[in-house]
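The following exercises ask the reader to work from a model to statements about burial, helices and charge pairing. Each task is followed by a solution in steps.

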Amino acid sequence: MDVKTEETAEVQPRTARSVRDWAVDILCIALAAVIGILAAEALRKDPGASPALLFFDQIVGALACVALWMRRRWPVPLAVVLVVVSTPVPPAAGAMLVAVFTVAVHRPFRTVAAVGGLALISEPLQAAIRPDPDLPFPAATATGLLLVLTVIGWGMFVRSRRQLVLSLRERARRAEAEAQLRAEQAQRLARERIAREMHDVLAHRLSLLCVHAGALEFRPDAPPAEVARAAGVIRDSAHQALEDLREVIGVLRAPGAEGGGDRPQPTLAALEELVEESRQAGTEVVLDQRVADAPSVPEATGRTVYRIVQEALTNARKHAGGAAVRITVEGSPEAGLTVGITNPPGDGSGASVPGSGQGLIGLAERAALAGGRLSHGPTPDGGFRVDGWLPWRP
């Protein structure tokens with residue numbers, strides 16, 4: 001909170017006083033009254049003071065104490081008026097000290113310096129106009145100056161302490177808000193990761209289902225062995241799709257869950273199994289694996305390559321049915337991993353599987369997060385290509 005904001009907040013009138021405000025105000029008025037009574041008792045010892053003047057001093061001192069009730073709303077005008085009044089009327093000095101203390105607490109240094117300087121100037125004038133019978137002029141002046149400096153210093157200390165407390169509270173509030181924001185961002189990123197992973201898996205499973213279901217639909221006269229094999233693939237793919245769907249629902253129901261569940265994630269070593277699964281679905285796939293030691297590829301990098309190939313095979317089944325797919329994977333720890341998937345135009349026998357068109361976009365984001373890049377687009381012969389590069393260690 002800057003000084004300008006604080007000043008704006010403090011000059012606004014308070015609509016209601018808290019119990020603490022009532023207690024502090026009553027204590028301040030009582031303290032000012034005690035100081036005023038002591039000053040009035042000291043003036044009684046002056047043989048030259050008339051009873052009427054002493055009575056007037058007491059009335060003015062009492063009114064000054066009552067005026068302190070407005071110290072929160074108009075601290076600076078009240079302090080200036082009480083400084084002027086207390087100069088010829090010493091019983092109002094207690095109320096003047098409380099008003100100066102209020103200014104020191106609630107106003108910036110420039111205002112405090114102006115009001116405090118006026119109060120310091122009034123002290124020697126008061127000692128000269130209404131001298132204390134028990135104290136010489138230098139001692140009375142020094143005592144008054146010391147009291148004014150004490151209340152100003154005390155008020156500024158209270159002000160700085162309040163600002164420190166407000167600053168710590170604001171810092172704690174911001175830290176809590178930032179922590180909550182970071183937690184929400186981490187949760188959102190985790191859910192996006194889960195959604196991206198499940199899109200890759202479910203799209204692959206469902207495309208296999210559509211391929212085999214389409215084969216059964218258009219080949220009702222197929223041999224029983226082929227029908228049984230297609231039905232088995234449909235059953236297995238449906239079972240795996242349900243398992244994946246159950247997994248993502250379970251993770252999304254747990255707000256604090258991260259990752260993709262307890263199931264082991266695929267790596268580059270599982271690429272052969274993925275290709276074989278597509279071959280069983282009727283897609284001609286040629287895999288050119290030029291990585292000598294596939295298990296040595298870091299898991300995160302291998303999983304990204306696996307997902308790129310999986311999405312490319314899924315798209316080939318959806319949009320280029322009957323076309324042969326060629327996959328090339330090569331690389332080394334020094335050069336990184338390069339993956340390329342190409343397919344010519346299909347023969348129109350692809351599975352009619354609806355899609356959102358976000359699969360390749362998600363893969364490009366996945367590759368970028370791993371420190372690599374991914375490009376895709378049509379080939380001159382009407383086919384499609386997907387090219388990617390990933391660092392060996394993301």
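**Conventions.** This is a predicted model, in which local features need pLDDT of at least 70 and side-chain atom pairs count only at pLDDT 80 or more, while totals for chains, interfaces and linings use all residues. Residues are numbered from 1 along each chain as its sequence is written, and side-chain values use heavy atoms, with hydrogens and water left out.

**Exercise 1. Classify Leu 63 as buried or exposed, and identify the surface patch to which Leu 63 contributes.**

Step 1. Leu 63 has a relative accessible area of 56% and is therefore exposed; the classes are buried under 20% relative accessible area, exposed over 50% and partly exposed in between (1.4 Å probe, protein chains only).

Step 2. Leu 63 belongs to helix 3, residues 51-67. Helices (H or I, at least four residues) and strands (E, at least two) are DSSP runs, numbered from the N terminus.

Step 3. Together with Phe 55 and Ile 59, Leu 63 makes a nonpolar surface patch of about 310 Å². Patch residues have over 30% relative accessible area and no salt bridge; like charges are joined within 9 Å, and nonpolar side chains (Val, Leu, Ile, Met, Phe, Trp, Tyr) within 5 Å. Areas follow the Shrake-Rupley method with a 1.4 Å probe, and for residues only the protein chains shown count as cover.

**Exercise 2. Describe the span of helix 2 and what covers its buried residues.**

Step 1. Helix 2 (residues 19-44) has 26 residues and reaches 38 Å from its first C-alpha to its last, close to the 38 Å expected at 1.5 Å a residue. The expected span is 1.5 Å times one less than the number of residues.

Step 2. The buried residues of helix 2 include Asp 21, Asp 25, Cys 28, Ala 32 and Gly 36. An α-helix has 3.6 residues a turn, so residues three or four places apart point the same way.

Step 3. Among the elements covering these buried residues are helix 3 and helix 5 (93-106).

**Exercise 3. Which salt bridges does Asp 25 form with Arg 71 and Arg 72, and where do the partners lie?**

Step 1. Asp 25 forms a salt bridge with Arg 71, with the closest N and O atoms 3.0 Å apart. The pair links distant parts of the chain, 46 residues apart: Asp 25 is in helix 2 and Arg 71 in the loop between helix 3 and helix 4 (75-86). A salt bridge requires a side-chain nitrogen of Lys or Arg within 4 Å of a carboxyl oxygen of Asp or Glu.

Step 2. Asp 25 also meets Arg 72 in a salt bridge, at 3.1 Å from N to O. Because Asp 25 lies in helix 2 and Arg 72 in the loop between helix 3 and helix 4, this pair ties together parts that are 47 residues apart in sequence.

Step 3. Asp 25 has a relative accessible area of 1% and is thus buried. Arg 71, at 6% relative accessibility, counts as buried, and Arg 72 is buried as well.

**Exercise 4. Locate the salt bridge between Arg 130 and Asp 57, and state how many salt bridges the structure holds.**

Step 1. The side chains of Arg 130 and Asp 57 meet at 2.6 Å, N to O. Arg 130 is in the loop between helix 6 (109-129) and helix 7, whereas Asp 57 is in helix 3, 73 residues apart.

Step 2. Both Arg 130 and Asp 57 are buried.

Step 3. The structure holds 11 salt bridges.

Technical notes
Contact means heavy atoms within 4.5 Å.
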